Every structure is written in structure tokens, then in C-alpha cells.
Amino acid sequence: MSDKAIETLLAEDRRYPAPEDFAAQANAKSDIYDIPFEEFWEREGRERVTWFEPFTSLLEWELPYAKWYLGGKINVSYNCLDRHVEAGLGERVAYLWEGEPEGERSSLTYAELLAQVVRMANVLKELGVGKGTRVAIYLGMVTELPIAMLACTRLGAPNTVVFGGFSADSLADRSNDMGCEVLITQDEAWRRGSTVPLKLTADEAMAAAPGIRACLVVERTGNEVPMQAGRDHWLHNFEVPDDPATCPPEPMDAEDLLFLMYTSGTTAKPKGIAHTTGGYLVGAATTHRYVFDLKPETDVYWCAADIGWITGHSYIVYGPLCNGATSVMYEGTPDFPDKDRWWEIVERYGVTILYTAPTAIRAHMKWGPEFAEQHDLSSLRLLGSVGEPINPEAWVWYREHIGGDRLPVVDTWWQTETGMILITPLPGVTTLKPGSATRPFPGVDAAVVDDQGEEVGPGGGGYLVLRRPWPAMTRGIFGDDERYRTTYWERFPGMYFAGDGARIDEDGDFWLLGRVDDVMNVSGHRISTIEVESALVDHTSVAEAAVCGRADQLTGQAIVAFVTLKGGQEGSVEMLEELRDHVAMKIGPIAKPANIVFTPELPKTRSGKIMRRLLRDVAEDRPLGDTTTLADPAVVAEIADRAVAQPAED
Ligand code: WT7
């Protein structure tokens, strides 16, 4: 029996010190960690953004709520657009946009983006949108998406972006919860060569969201869609009386609501995670500048996420634009028309910084490195990862095959609730370790604690907590104070509990172990899923793996592994034995999976996270729980069939 909150089994000793030439030019130097927390955020609060009225006090903390930059007046769209144009940077490209259908490309300079934001803001004004009016945005990856977000911020209208893959019900629930009056959508979106009927879905949602009185529609595919007279308006031919060429940015209080991002919780009702204006913008811009070492004059930055997630909000829209960056924005999927599409984009635009998720990296591993090899990726100088723990083997693959075995890889830990990256290497400063997000960002106080809330020392495992507020932290769950307190603040009094397990190594570096709900208990040993998965992915034939525990009379829980092999290989009894032995060799016999199910795909959420909860249902032969957030519901049914076909081995 072990008394440890979570045990540490997998040893990873590869080290990548910061290259000297990178360090010499980096935005962050090692002394950035020496700046006292308040001084750091005061300084960034003054340098990263422009205030209409300066803040008078940095921080007020009344647990579990924090306020930042009190008294400051600010407008997000002014910071992302006008001030760059006023500084003479109007000709700099803000977005290099690539449509999914081949050959559809456009670019928008800061001056052009400002003009379009002003136009959309004036259209929204005509539709009755003003300070405080709530707006729902249901768009694919078209430039009108950031334009809509910025037009809302210009008017002081809080918005919620609903990812284009969500259903009518999800859209209606979110609009109703927030009290949205206006919806912005598009006729149809492109996805893997087919059209996605966004307007039709929006119509269905509006039927269930009576609060929405106007719908603004962006033309994308040009196919015919129903338009309801009086309610629905095309953006492109909307006539604004007198066609004003300007729209004054509304001065907002630092603590005014900027947007809600809905995230699913353990119960069905999604949580509207609230982010406010000043602290969020400072947090997004500051982390974007130091973590990605952004040089706005020369970098071509690409965050390959969807703007419908928090990653896209902070690191495609608000952070990069506030910093005056040039970003790539891609509409479609990585494998359309072929699996080299991303690498073609990197080559075409000379992308220098690439930020993506482990699920995408593992997909490229599964397809094989030959697709990247067809393209010149030498413009890249920095790689990033976010969304899940990254298996060391995937990290190393990313560095070798995409990064030419020379680029730093920054594994960045954060959440919808945190608004900004909190645990991350700083390229040019940090010695990298594959699989470790390394250290808290400057001015961030993270710790790993045991069941009693006591800090575990170096080498210990437990629960990841934040002990001090940070500027972009959520200001709560919209309309549900009680749920906010119980979800994040009750488990460890006085600390924000992220729900993730982590361990700290001898150097004080953090290793994220996944959601604590996923931790397995085998013969009294609490084993994290990521370590067993990483041991499996370490095997040369494995592209992806997910493990979970199933009830076992003898050991409490037994480990079941779901494994996807590289290049479409099929599983075999020999492979099964080989993989079990490989895990035993990497981390010890205790972690040996009792059985292994080979499967071509793993069940994932629409944002690409593996859903171990459903795998537990499969492993225990139970009816499946809620499958509404799955990207592809057919995948679990297929896995369930395969699990039955492959009996357990002990
Ligand atoms: C959860 C938050 C924040 C942007 C996208 C996800 C997991 C995120 C990492 C990482 C290990 C990570 C955590 C976290 N996660 N990044 N670098 N290493 N785990 O936002 O949907 O709110 O999910 O994603 O479990 O709690 P999100």
C-alpha cells in the first residue's frame, strides 16, 4: 500500500538546454524570474497595453475572486488595432488567411482589419448592440470570426464564441444561459471538403433561444440558406446609414466582462467561464510575448487551434493582435486534401512559430514523417504544445521531424479557467525535458500538494494548485457563484485546484499527470494514466495510447490499454505481449496492462482530448455515459466491439 497521492514511475532523463543563439536574442532572460510578483504584473500592465485611464491599484483579492488593474479604463479592440495603426504599423499583416479549398487565400493588414471591425461594429450598432448587449458568435475559421469578436469588444458587448462543430442544442443552451440578443453566423463552413450547415443549425438553435432577436450572416460558400425577414441580415450587403468610417472604441472598466467561454463539466450543464477585460488582455499578451518569444516585426506565428476554444481566443486573437503579430489562420483540417497540408502552409508563409496540441502531433506520428519531409520547414524557430500531457516520445518526434532536431519545444499548461499559460518553459532560458511543462510563468505561484493540502517536496506527486491570483484568471462561472466555489476552491481551502495531478522533480520542474479523476489505483498504488500511456507510446510501433482502470477483485483496479499502432498496422497476440513487457520494462510490472485493445482511433472530445471516462465504460462493459461531447461517436462503438473480441489476459 502506498500513502502517496500519486506515484511517480516513469523516468525521463533527456535534457535540452537552451541554444546559445536563441538565448542571446530571447525576449525573456533568466532574471525575469527574480522580479517580485507585483512589480512584474505592474510593469507588464503598463508595457503590454495602452490604457485610456491608468489603473490606480494592481490587485484586490477576496477569495475566490480577484480583481486586477482596478480603476483602469481600456478597450480591447483599440489595443489590438487602432494603436498599431496610429503607430504607423497599418501596413503590417495581421492575418494570413488560408481557406480549406485549395488556392483560397487572403491577407488582412492591421489597417484593413480595423476598417472591417469598424464596419461590423457599426452594423451591430444598427442591430441595437451597445455596451452590455450579449452576442453569440457561431462561425468557422473565417476572418469574420476575429472581426466579430473585436467588433463586440469595440462596443463593450460581451460575447461568447460557440465552436462551429457544436450542435443546435449546445448553441441554444449557451445563448440562453448568457442571455444573448444577437447571433453572428455564416451560411456554411468548409470542413474536409464538405460543407457544414451553420446557418441551418443556427436556425434550429434560434427556435429554442427566443432571446435572440437578430442574426447577422456572413457569406462563405455562397450556397442558398433560408433567411427570415426582419430577423436575419447578410453582413455583406447590410447598409449602414451615412456609412460612418469610424466607430469610437468604448472605454471599458478593467473588470467589465469581456467574454464567456463555455466548458463542459462533470454534469451536463456547461459552465460559462467568465473573463474580464484588463487583466485578461495583459495576461494573454504577456505570456504570448515571452513564451513564444514573439518578434512582431519578423515572426510569422501560427497557432493551429480553433478560435472556438480558449487557446484560439488567447493565442490567435487577443494575445497576438495586442502584440502586433502577424499570424496564420487556417480554415480546415490537417489532412485535406492530403496529410501534408500543414507543412505546405508552414513552407508557403515561412511560419517561424508553431503552436499545436499533442493530439495533432500524435496524428502526424501515426501518418508518418514522410509528409513533413516533402516540405521545407527551415523557417521554423520555435514549437509549442497545449491541451493534454504530451508523451515524451511525441515531444521528441515533434522536435526531430518538425523541428529539425534543433528547435525548442515549449509544453504549455493552462486551462479555459486560467485564461493564459501558467506553467511553461521560456525558450532561451529553460532547460527542456520532454514531457515536462517545467516551471510556473513569472509572477505565477503554482504548487503540488498532497491530500491534506501540504506541499510535496521535490520528487513528490499530488494535486496541482495555484496559491496566488494571476491577471487572466476567470472571474467565476457566469450566474453560478456556488458552482464556482465548490468546483475550484473547496478541495484545498485558500487555493485554486485545477483538477490535475502533477509531480515535481528534483529540479523543481512540473510534470503534469492528467485529470485526477483519471488516476488509477492498482494494488494500492495510485498510478497516473499519462505515465503508462507514455511508456506505450515509447514503443516504436505505437502512435497513440489511452489507459484506464477497470474494477478487479484482486488488485482493486486493473489497467486496460487502448492502443493505436503506426501506419495502420493491425494488432496481434505477439504485439500485445511485447507491449505489456515494454511497459513492465519502462516503469515496472505494477503498471503492466491487464489487457490491451487495438483500435484505429481513440474517442476524443471535439477539442482533441482523449475521453478516458468512456473507455472506463467500455473496459467495465457498462452502458456508455454521456457521449454528446465526442468528436466522432462511432469510434466508441467500434472500440467496444474490439474490446469484446479481445478477451482479457492476466
Ligand atoms: C485541461 C484544460 C488551455 C488550452 C486548452 C485546454 C489539460 C492543457 C496541458 C499541458 C498537460 C494539459 C489539463 C487542463 N492540459 N494543457 N501542457 N500538459 N495537460 O483547455 O479545455 O480548459 O483544458 O487540459 O488537464 O486541466 P481546457
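**Chat notes: two sheets and a ligand**

Q: Where is the place of Pro-64?
A: Pro-64 sits in the loop between strand 1 (57-62) and strand 2 (65-70). Strands here are DSSP runs of E with at least two residues, helices are runs of H or I with at least four, and both are numbered from the N terminus. This is a predicted model, where local features need pLDDT of at least 70 and side-chain atom pairs count only at pLDDT 80 or more, while totals for chains, interfaces and linings use all residues. Residues are numbered from 1 along each chain as its sequence is written, and side-chain values use heavy atoms, with hydrogens and water left out.

Q: Which residue does the cis peptide bond join to Pro-64?
A: Leu-63, with omega at about 0°. The peptide bond from Phe-336 to Pro-337 is cis too, omega being near -5°. Pro-337 is in the loop between strand 17 and helix 10 (341-349).

Q: OK, sheets. What's the order of the one with strand 17?
A: That open sheet has seven strands, ordered 5-4-17-16-18-19-20, with mixed pairing. Two strands pair if DSSP finds at least two bridges between them. Strand 5 (105-109) and strand 20 (409-411) are the edge strands, each pairing on one side only. From one strand to the next, the twist averages 20°.

Q: And how many bridges join strand 4 to strand 5?
A: Five, and the two strands run antiparallel, strand 4 covering residues 93-98. Tyr-95, for instance, has Leu-108 in strand 5 as its bridge partner.

Q: Which strands does helix 9 touch?
A: Helix 9 (residues 310-322) packs on the sheet and touches strand 4, strand 16 (301-303), strand 17 (327-330) and strand 18 (353-356). Touching, or contact, means heavy atoms within 4.5 Å. The direction of helix 9 makes about 155° with that of strand 16. For such angles, axes are lines fitted to C-alpha atoms, for helices over the stretch in contact, and values run from 0 to 180 degrees between N-to-C directions.

Q: Which strands stand at the edges of the sheet with strand 12?
A: First the layout: seven strands in an open sheet, order 12-11-8-6-7-14-15, mixed pairing. Strand 12 (232-234) and strand 15 (271-276) stand at the edges with a single partner strand each, so one side of each has no neighbour in the sheet. The twist averages 25° from one strand to the next.

Q: Do strands 7 and 14 run parallel or antiparallel?
A: Parallel, with two bridges joining strand 7 (residues 159-161) to strand 14 (residues 257-263). Thr-160 stands opposite Leu-260 in strand 14.

Q: Now the ligand. Which residues come nearest?
A: Of the 16 around the ligand, Asp-411, Thr-412, Thr-416, Asp-500 and Arg-515 come nearest. A residue counts as near if one of its heavy atoms lies within 4 Å of the molecule.

Q: What is 2.9 Å from an oxygen atom of the ligand?
A: An N or O atom in the side chain of Gln-415. Lys-609 also has a side-chain N or O atom 2.9 Å from a ligand oxygen.

Q: How much of the ligand does the protein bury?
A: The protein buries 90% of the 560 Å² that the ligand exposes when taken alone. Those areas come from the Shrake-Rupley method with a 1.4 Å probe.

Q: Which elements give two or more residues to the shell?
A: Helix 9 and strand 24 (510-515).

Technical notes: A polar contact is a pair of N or O atoms within 3.5 Å; within protein, one must be able to donate a hydrogen and the other to accept it, and residues adjacent in sequence count only if both atoms are side-chain atoms.
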